[in-house]
Amino acid sequence: MTDGQTTYRVLARKYRPATFAELIGQEAMVRTLTNAIATGRIAHAFILTGVRGVGKTTTARILARALNCVGPDGKGGPTITPCGQCEPCRAIAEDRHVDVLEMDAASRTGVEDIRELTDGVRYKPVTARYKVYIIDEVHMLSRQAFNALLKTLEEPPPDVKFIFATTEIQKVPITVLSRCQRFSLRRVPAELLEAHYAKVLEAEKVAAEPAALVLVARAADGSVRDGLSLLDQAIALSGGAAIAEASVRDMLGIADKGLVFDLLETVLKGDAAGALGRLGSLYDGGADPVLVVQDLLDLVHFLMRLKLTPSAGEGDPAVEGERGRGQPLAAKLSVPVLVRAWQMLLKGLSEIQIAPSPLQAAEMVLVRLTHVADLPAPADVVKALSTEGTGVPASSARSPSGTSTGTAAPSMLGGGPGIPSARRSAVGESEPTGAPGMLRATEPTTAPAPGPEPMPQSFAEVVALFDRKREALLRSHLFANAHLVRFEPGRIELRPTEGAPRDLANRLGKLLGDWTGERWVVSISQNEGEPTLREQAAARDETLRHEAAAHPLVRAVLDAFPGARIEAVRDIGRDAAAPLDPELPADEAGEGEP
């Protein structure tokens, strides 16, 4: 290898920000830290959260430098603009400062690792103003490790600062979050990423088509680092030439926009065979079925914008070419048609992402969309059915097989609405006597929507509600794997056992909110709490057995039959609504006949 090859640094490392001024898209956080440092109100612990690649670890390192910078003359104090020249700044930047300790919680999750860290907190910094502990992916720490950290985190020495970074803030205990100053780093907008990547390419002396940078910025999905990695790959693919849009599309598996337009038009015309053929061609050309459907979603959204705001996209070179072809298509399509296409594609996208064969799933999505291409808009159906004495000729209906029984039903891209006869029952149509071939509206009958559930007044009522709603799995976890710490209507505090799912609190709060129509706050606690409902039921059953065994008649039976024992006691007065152990049949759990 040449020296150039061995010393090459990837763009994500080469252009990592060294100051807060170089961070992009995080103005709110920088402004807060600037004011805090200027007024001397520096928190003892920070937690940075956000998606991968937005600058959490980078921010932590810059903050460590800002707290320990002494300036070129060695007399400076904490500053939002570290000089980068003093010994602390250079040592931290080179990851060799003895008082700035960085730990990866993904590989050091145990309580012993945290105890080793907290033992060092007692000692003064060797050379720095503050001893800084940076813990990346802090949500990976075990429960015992978090507990070992709590006391030190609440009352650290004045010369110690903690900086945590995580992509999954919901997995961090609330007891830790309450002791930290939290900063949520935003996804960086695509426009800022485009400008940033253009500066990087200018510094690298590499040319690129503007549309290619747009594709890279969109694929980055708000992550600066992801986009720089893609840019590195695009530079290598171009082989020293300018980065072309076509090469980036091939690299990302994105279909050409013109071909996506062709595919959407074919689908909306109801041509299933043609749509499958176009999708097959895109797949053979390297396009990912998931990305093809995402492109169709983007295109439908763009057409909706053009429909509502004809000037949408003006002046944007990335979509200027799409406007010329999109405007005539948007004029042909109605808003209900575009909304229906959006909903079906969005539903289909989730199916494709979990299907064993994404291509087959994408084909089924397109087939479904072509078969509803000739459906009238809901407003047209209502209008046709609500017009007394008028109807739609039955000759214009389609048969269930999809073949026309008379005049062909119009597609989304042509003609007025038709009402398929195979779907009459769905809209409450009947054929009146004396008027063959005409449809008359009948009064639709719809079941009243269920109202919200009453607010449970106890944790037992919450579990009973999950029982009624047939949420058996969650109900089982609430019964057996949750210690109630605190309850009041609208607020629950739990200590889950090891067997409980990690998202128990989130799912519990969401479902209770959906069912009752009120907001529920469900939090995780480290307090001991009450025994689980299963433990309470077991204790209650044990008490009943002891009481029964002390009864003279029962005692006489046990004496008369050596070896006999009491297996279960049924309490006739037991509340039938009380939650039962889901692993026992109802009659064995106390709800059978007395």
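Is K171 buried, partly exposed or exposed? K171 comes out as partly exposed, with a relative accessible area of 31%; the label covers everything between buried (under 20% relative accessible area) and exposed (over 50%), worked out with a 1.4 Å probe and protein chains only. The model is a predicted one, so local features need pLDDT of at least 70 and side-chain atom pairs count only at pLDDT 80 or more, while totals for chains, interfaces and linings use all residues. Residues are numbered from 1 along each chain as its sequence is written, and side-chain values use heavy atoms, with hydrogens and water left out.

K171 also has a charged partner: its side chain meets that of E168 in a salt bridge, 2.7 Å from N to O. A salt bridge here is a side-chain nitrogen of Lys or Arg within 4 Å of a carboxyl oxygen of Asp or Glu. E168 is partly exposed too, at 25% relative accessibility. By the salt-bridge rule, the count comes to 25.

Another of these bridges joins the side chains of E204 and K14, at 2.8 Å from N to O. E204 sits in helix α9 (residues 190-204) and K14 in helix α2 (residues 11-14), so this pair ties together parts that are 190 residues apart in sequence. Helices are DSSP runs of H or I with at least four residues, strands are runs of E with at least two, and both are numbered from the N terminus. Both ends of the bridge are partly exposed, E204 at 22% relative accessibility and K14 at 41%.

R368 and E351 make a further salt bridge, with their closest N and O atoms 3.1 Å apart. Here, too, distant parts of the chain are linked: R368 belongs to helix α18 (residues 358-371) and E351 to helix α17, 17 residues apart. R368 is partly exposed at 32% relative accessibility, and E351 falls in that class at 26%. Elsewhere, salt bridges link E87, R90, E94 and R96 into a network.

Helix α17 (residues 335-354) also holds V335, which is partly exposed with a relative accessible area of 32%. V335 joins L308 and V339 in a nonpolar surface patch, and together they have about 230 Å² of accessible area. Accessible areas come from the Shrake-Rupley method with a 1.4 Å probe, and for residues only the protein chains shown count as cover. Patches take residues with over 30% relative accessible area and no salt bridge, joining like charges within 9 Å and nonpolar side chains (Val, Leu, Ile, Met, Phe, Trp, Tyr) within 5 Å.

Strand β1 (residues 45-49) is another story. Five of its five residues are buried, so β1 is largely enclosed by the rest of the structure. A45, I47 and T49 point one way from the strand, F46 and L48 point the other way, and all are buried. β1 pairs in the parallel sense with strand β4 (residues 160-166) over five bridges, and A45 stands opposite F162 in β4. Pairing of two strands calls for at least two DSSP bridges between them. β1 is also parallel to strand β5 (residues 181-184), this time over four bridges, with S184 in β5 as the bridge partner of T49.

A separate look at β8, β9 and β10 shows an open sheet of three strands, in the order β8-β9-β10 and with mixed pairing. β8 (482-488) and β10 (521-524) stand at the edges with a single partner strand each, so one side of each is left without a neighbour in the sheet. From one strand to the next the twist averages 20°; axes are lines fitted to C-alpha atoms, for helices over the stretch in contact, and angles run from 0 to 180 degrees between N-to-C directions. β8 and strand β9 (residues 491-496) run antiparallel, joined by six bridges.

Within β8 lies H483, which stands opposite R495 in β9. H483 is buried, at 9% relative accessibility, and its side chain reaches the backbone oxygen of E530 at 2.8 Å. A polar contact of this kind is a pair of N or O atoms within 3.5 Å; within protein, one must be able to donate a hydrogen and the other to accept it, and residues adjacent in sequence count only if both atoms are side-chain atoms.

Last comes R565, placed in the loop between α25 (552-560) and α26 (586-591). R565 is exposed, with a relative accessible area of 64%. R565 and R545 are 20 residues apart in sequence, and their C-alpha atoms are 9.6 Å apart in space.
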